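This report goes through the overall form of one protein chain, its main nonpolar core and a few single residues.

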Amino acid sequence: MQEENFANDFLDLGNMPASMEELLKGQASTDTFTKGKIVEGTIIDKRPDGALVDIGYKAEGFVPAGEFLKYDEAKVGDKIDVYLEEIENRQNMPTLSLEKAHSIKAWNRITTEYGEGYVVKGFMRHRVKGGVMVDVEGFPAFLPGSQLDVGPVHNMDDYIGKEFDVKIIKINLERRNIVVSRRELLLESLRDQRSKLLSEMKVGDLRRGTVKNITDFGAFIDLGGVDGLLHITDISWGRIAHPSEVLHVGEELEVVIIGIDKEKERVSLGLKQKTRNPWDDVVSKYPKGSHIHGKVVNIMPYGAFVEIEVGVEGLIHVSEMSWTKRINKASDVLSVGEEVEAVVLDIDRDSRKISLGLRQKERNPWEVLAEKYPVGKHIVGKVRNMTNYGAFVEIENDIDGMIHVSDMSWTRKINNPNEVLKPGQEVEVVILEINPEQQRISLGLKQAESDPWANINELYKVGDVVKGKVSKITAFGAFVELTNKIDGLIHISQLSHDRVEKVKDVLKIGDEVEARVIKVDSDERRIGLSIKAATDNFSEEDLKAAEAEYTAALKPGEDIVDVGEFFNSQAMSGLKLK
């Protein structure tokens, strides 16, 4: 070990007597002076470089000033014990050593009276490699740098020339050296102080402390022997990203004891608890429906958090940002640091949640529309886009209404809106329904005109001869567009007196035809036509027979279009139609 091998800076102990008994024997004779003994002397003169000491010999000896622990306190007439190294040197003077005398006496006292674990005073003499040489009652002991203080020592020179209590931690009798520690005493003192502080502390106490260290999750506060943790969540009622935003190392502050674990010697501290919890008053300060001003402090895809006051935040969900636009990300509307005005929608004090609305600052435009456009009102709008089931028409301020395919024609079955409309087209429609809660407007295109089937019996009667243009051909017949946008069906059986295998063998789309009305079905909204019955000599009996034949061919309630598609599919399969 380094402490066992440090250099003896003060003396050579090899020739020293092993006990006080030998020393006393050496002093017993005043007539005989023996080399290597301790004798008593008196300071008779004090010089800048040392003192002359009378030991009763024919000549005085000289003790250098550096061997005195505190030479400035030494006075003429003081009695001191010195070690006789030489009875006469070249100057015929005895060679004396104050340090060796102190060391011999101190070594014997330390080894016989004190021992390891004993606490003594230590004067910091000077630095050596790995530590400091300490004068312990006159004996040079080694104090390792690691045992100098409880924390890292950056400059050991700061300790030189000072006196501290030290603890003897190792005595090597063979090598005659001593290792001491100041750190162990400090730690013991801190442990005692910590135990005392912990026993005195109570939850709720206010304590002053110093910020010792700052981490991502909080700060450690020195309370005078006990370190407490001030967690980031207990620093402020408001939102902070890092403790360093509020605290700095070395700062003194007052904190609240919020938790004590005496077994683990852990103390939890709070700073925000010194002030009233702002959530205690949120319900009375910010009632539902009230308008608040705040700053956006955080943005997530689903909404923006707004600081109303320190420690109180509310959330504006994306669904509460606009009445008319679909907001996918909150960042499309708001940004961090932006000042906003919002409306309080709901408060959950227990969960510390406040729901805010941005769109509620204005009246719901859907409610305004319901007042402005009552059911039955005719309006003109532009087709914005279409789907398979309908078309969306702009009414105003990015608000669209929808025309369902079932509301596009009185007389035709519309399978796709592009059969009737196209994007950008202006159309006249009728308000059928406005639902502000579901934000939906239903429009009707056919309702903008009168229903021709309402007075169909006045427009067409059985026996009337009519003209029209072939608009569609199916496997079972041809549809003819008549006046008032009404289609009539000429069944394949009514195309000719002769047997017709395929409709397209007789007619094609766009042909002008003349036919006789043989059936008007208001319930099924069907008009049956017959080309073969259009002749002048067609009798009443023939008309009834044609109607019966038509009715038999198309059963009541059967969907003409579906039947047509069925026949087409069969034809595509190569099946013959009869």
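In what follows, two residues are in contact when heavy atoms of each lie within 4.5 Å. With that meaning, Arg-359 touches Ser-319, Glu-320, Met-321, Ser-322, Trp-323 and Gln-439, not counting residues up to four places away in sequence. The model is a predicted one.

**Overall form**

The protein chain holds nine helices and 30 strands. Its radius of gyration is 56 Å, whereas the globule rule gives 25 Å for 578 residues, so the chain is more spread out than a compact globule. The C-alpha trace covers about 180 × 60 × 40 Å along its principal axes.

Of the 578 residues in the protein chain, 43% are buried. The exposed area of the chain comes to about 31600 Å², and carbon and sulfur atoms supply 47% of that area. When contacts between residues at least 6 apart in sequence are considered, 61% of them join residues at least 24 apart. The chain carries 77 positive and 98 negative charges, and the mean positions of these two sets are 2 Å apart.

**The largest nonpolar core**

Which residues have the most contacts inside the largest nonpolar core? They are Ile-316, Met-321, Leu-334, Ile-354 and Leu-356, in a core of 22 residues. Two or more residues of this core come from each of β16 (291-300), β17 (303-309), β18 (312-317), β19 (339-348) and β20 (353-357). Strand β19 gives the most, with four residues.

Leu-334 shows how the core is put together. Outside its neighbours within four places in sequence, Leu-334 is in contact with Val-296, Ile-299, Ala-304, Ile-316, Met-321, Val-340 and Leu-358. Two of these partners, Ile-316 and Met-321, are also listed among the residues with the most contacts inside the core.

**Ile-308 and Arg-359**

Ile-308 is part of strand β17. Its relative accessibility is 13%, so Ile-308 counts as buried, the cut-off being under 20%. Apart from neighbours within four places in sequence, the contacts of Ile-308 are Tyr-286, Ile-292, His-293, Gly-314, Ile-354 and Leu-356. Ser-409, by contrast, is 101 residues away from Ile-308 along the chain, and the two C-alpha atoms are separated by 55 Å.

Is Arg-359 buried or exposed? Arg-359 is buried, because its relative accessible area is 16% and the limit is under 20%. Arg-359 sits in the loop between β20 and α6 (365-372). One of its contacts listed above, Met-321, is also named among the residues with the most contacts inside the largest nonpolar core.

**Two arginines with positive phi**

Arg-176 has a positive phi of about 55° although it is not a glycine, and Arg-525 likewise has a positive phi of about 55° without being a glycine. Each of these arginines is found in a loop between two strands, as set out below.

| Residue | Loop between | Phi | Relative accessible area |
|---|---|---|---|
| Arg-176 | β9 (163-172) and β10 (177-181) | about 55° | 23% |
| Arg-525 | β29 (512-521) and β30 (526-530) | about 55° | 34% |

Partly exposed residues lie between the cut-offs of 20% and 50%. Arg-176, at 23%, therefore counts as partly exposed, and Arg-525, at 34%, is placed in that class as well.

Key: Residues numbered from 1 in each chain as written. Predicted model: local features only at pLDDT ≥ 70, side-chain atom pairs only at ≥ 80, totals over all residues. Heavy atoms only, no water. Rg over C-alpha atoms; globule rule 2.2 N^0.38 Å. Buried < 20%, exposed > 50% of the residue type's maximum accessible area, 1.4 Å probe, protein only. Areas by Shrake-Rupley, 256 points an atom, 1.4 Å probe, with all protein chains shown as cover. Lys, Arg positive; Asp, Glu negative; His and termini not counted. Charge placed at Lys NZ, Arg CZ, Asp CG, Glu CD. Core = buried A, V, L, I, M, F, W, Y, C linked by side-chain atoms within 4.5 Å.
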